[in-house]
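Dear colleague,

Please find below the structure that I am passing to you. My notes on it follow, arranged by topic.

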Amino acid sequence: MNIHIVGAGAIGLLYGGYLAKAGEKITFWTRKEAQRKLLLEQGIYIEEADGNTVRIEAGHWTARVLKQSECDEHAAAQQEAPEWILIAVKQSHLEEEMISALSHIAGPDTRIACLQNGIGHIDKISRRLDGRPVFTIITTEGSTRLADNGVRRAGLGESRLGVSKAQARGRTDVLHDKATETLLNTLRKAGFPTFLSNDIDKDIYRKLLINSVINPLTAILRVPNGDLLVSEERMTMVRMLCAEAERAYKACGISLDDDASELVASVCRSTSTNTSSMLGDVLHHRATEIDAINGQLVGLAESVGIDLPMHRMLWLLVKSLHP
């Protein structure tokens, strides 16, 4: 398959590296020229959870810088548009200029799939790309970037691929057609257990709740995920945040089919040694996805007349760490 990976961070390098190793035609779009050159000259290395390091030699992909001039040049030069574009940048990087650049990469039949946390970005991308349906990949893959060409994988995760009801616009075929099936099989072949989701909206809101509790708490307390369960005080905060989110979801007609507190606790246990992406951003003085996670959750609650004071406080606290 001809797949373009937009964003060569922890998840982008992990997916792009293993897809290239599996023989797919990969193009990385980076934010910086230095990273583009590094990928072309030195390849990618992936440290697996078992201690083995997988090295994928340069020459298995192309790489370009994601800016308007490069995208215009690429669109004019290429004869074959990508079959899929996987967007692996953080929500905070999904600015108008980047979305505009995507419109020059995509051909008329190109499918788009997003790997971001949070909500609010899918519709924004779809509107800019002439209303084409934008897919979502919800994944439990954990990856930490070690260098501009290297990542550490926390362990084998599971992913769900789907398209929201709003994006499908009544087209039930879009989730079960040949293009979607091909991507599904390609991801599996590359080592990413991936399944179709017939209700990706539920999966999205399930992950939003998990992220809205674990990410900001670990970022503020500076602890790995499992340490949220080591004291009654921390577990009380988890339960109170879950109760707030559940109240908003109920008012919005969003069903989880899970006990929120136990759901979050189970994720903390299964990823006990993981450093959340938000904690990683805070430690490295990078912009976080707090607006796309707790900020969006607070906004969702406000739309039905509900205030979430604890989530609002976490939102403000994390934003104030790096004003």
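How far is the sulfur of C242 from the closest cysteine sulfur, and in which residue does that sulfur lie? Please bear in mind that this is a predicted model. The closest cysteine sulfur belongs to C268 and lies 8.9 Å from that of C242, which is too far for a bond. A disulfide would require the two sulfur atoms to be within 2.5 Å. C268 is accordingly in no disulfide, and the structure as a whole holds zero disulfides. Both cysteines are nevertheless buried: C242 has a relative accessibility of 0%, and the relative accessible area of C268 is 0%.

I turn next to the strands. Strand β10 (residues 150-155) pairs with strand β3 (residues 44-47) in the parallel sense, over three bridges. With strand β9 (residues 142-147), β10 runs antiparallel, and five bridges join the two. β9 and β10 form a hairpin, with two residues between them. R152 in β10 takes part in both pairings: E47 stands opposite R152, and R152 is also the bridge partner of T144.

Helix α7 (residues 178-189) comes next. Its twelve residues, at 1.5 Å a residue, should span 16 Å, and the end C-alpha atoms are indeed 16 Å apart, so the expected and modelled lengths agree. Which residues of α7 are buried? They are T180, L183, L184, T186 and L187. Seen down the axis of α7, these buried residues fall within an arc of 165 degrees, so they line one face of the helix. The general background is that an α-helix has 3.6 residues a turn, so residues three or four places apart point the same way. K178 and K189, on the other side of α7, are exposed. After the helix comes G191, whose phi is positive, near 100 degrees.

The last site is T288, in the loop between α11 (277-283) and α12 (291-302). Is T288 buried or exposed? With a relative accessible area of 16%, T288 is buried, because the cut-off for a buried residue is under 20%. Leaving aside residues up to four places away in sequence, T288 touches S92, M278, D281, V282 and V318. In addition, a polar atom of the T288 side chain lies 3.2 Å from the backbone nitrogen of I290.

Yours sincerely

Conventions. Residues are numbered from 1 along each chain as its sequence is written. This is a predicted model: local features need pLDDT of at least 70, side-chain atom pairs count only at pLDDT 80 or more; totals for chains, interfaces and linings use all residues. Side-chain values use heavy atoms; hydrogens and water are left out. Two strands pair if DSSP finds at least two bridges between them. Helices (H or I, at least four residues) and strands (E, at least two) are DSSP runs, numbered from the N terminus. The expected span of a helix is 1.5 Å times one less than its number of residues. Buried means under 20% relative accessible area, exposed over 50%, partly exposed in between (1.4 Å probe, protein chains only). The arc is that of the directions from the helix axis to the C-beta atoms. A polar contact is a pair of N or O atoms within 3.5 Å; within protein, one must be able to donate a hydrogen and the other to accept it, and residues adjacent in sequence count only if both atoms are side-chain atoms. Contact means heavy atoms within 4.5 Å.
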